[in-house]
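Visitor: I am new to this structure and would like a close look at a single part of it. Could you take me slowly through the way its helices pack?

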Amino acid sequence: MKDLKWIGLDAQTFRPYQHWKNTGSVGECGSYVSAVLAHYLVKRDTNNDLSLSTLLKGLKGPIDHWPLHKGSYVWNLSFGLNYLLKPAGYQAHYGLLTEKKVPELIKAGKGPVIVGTTSILGSAYGNHWVLVYAYAYDEEGNLYYHAYDNHGKYQAIIPAKETIGYVYVSEIISDTTQRSQIPVTTIKQEPVHFVMNSQFVAPSKK
């Protein structure tokens with residue numbers, strides 16, 4: 001694995017996220033990887049440094065605490081990210097087959113991409129979500145992903161054949177000047193959502 005030549009974003013960019021580790025409720029990996037993706041995009045585009053707690057307050061409900069079914073699926077992550085980021089000029093998308101689409105997205109500069117591992121396909125992670133920022137092929141043509149996961153790793157190596165489902169975010173607003181004018185403040189209430197040309201806010205309690 002050491003000889004793999006990774007294509008994509010630099011792993012060191014995601015080193016700080018090794019501390020974004022879930023030490024609480026089991027089964028919230030979808031919220032954590034979505035929080036890292038949201039943080040990365042907003043920090044890159046606006047230089048706003050959002051806290052993990054603020055992001056999780058806006059993401060846990062629609063992603064990992066969905067009342068209609070057990071577990072999180074690509075549509076939950078997409079919905080949660082759109083709830084948080086769409087008013088700020090981003091759009092989440094999802095699909096199922098990762099091996100063709102994920103390399104295309106990363107090569108086109110549209111990474112990182114959330115990818116699901118599954119026990120059905122033999123993943124040691126079981127049913128889990130990771131954030132893929134690079135990919136590589138070995139000498140036999142097998143595809144691997146370099147990824148963050150909420151177990152405290154930022155350079156996890158995931159065989160693509162053990163994955164299904166992906167979520168990525170594209171920009172609706174391309175004007176960097178307009179995007180950079182979006183202010184963000186950290187609040188303690190919940191739930192939160194990202195409001196265009198405003199800030200993270202919470203509905204008042206009645």
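Guide: What follows looks at the packing of three helices, with a short view of the whole before and a surface feature after. The model is a predicted one, and its protein has five helices and nine strands, which follow one another along the sequence in the pattern β-α-α-α-β-α-β-β-β-β-β-α-β-β. Of the 206 residues, 50% count as buried.

Two packed helices are described by the angle between their axes and by the distance between those axes. For helix α1, residues 29-46, and helix α2, residues 52-64, the angle is about 130° and the axes are 8 Å apart. Angles that fall neither under 35 degrees, nor over 145, nor from 65 to 115 count as oblique, and α1 and α2 are therefore oblique to each other; their crossing is right-handed.

Helix α2 also meets helix α3, residues 74-85, where the two axes come within 8 Å and cross at roughly 140°. That angle makes α2 oblique to α3, and the crossing of α2 and α3 is right-handed.

Turning from the helices to the surface, one finds a nonpolar patch formed by L96, L97, I120, L121 and I164, which together have about 550 Å² of accessible area. Within this patch, I120 lies in the loop between β3 (113-117) and β4 (128-137), and I120 counts as exposed because its relative accessibility is 76%, where exposed means over 50%.

How values were computed: Residues numbered from 1 in each chain as written. Predicted model: local features only at pLDDT ≥ 70, side-chain atom pairs only at ≥ 80, totals over all residues. Heavy atoms only, no water. Patch = residues over 30% accessible without salt bridge, like charges linked within 9 Å, V, L, I, M, F, W, Y side chains within 5 Å. Areas by Shrake-Rupley, 256 points an atom, 1.4 Å probe, with all protein chains shown as cover. Salt bridge = Lys/Arg side-chain N within 4 Å of Asp/Glu carboxyl O. Helix = DSSP H or I, 4+ residues; strand = E, 2+ residues; numbered from the N terminus. Buried < 20%, exposed > 50% of the residue type's maximum accessible area, 1.4 Å probe, protein only. Axes fitted to C-alpha atoms, helices over the stretch in contact; angles between N-to-C directions. Left-handed = near helix turned anticlockwise from the far one by under 90°.
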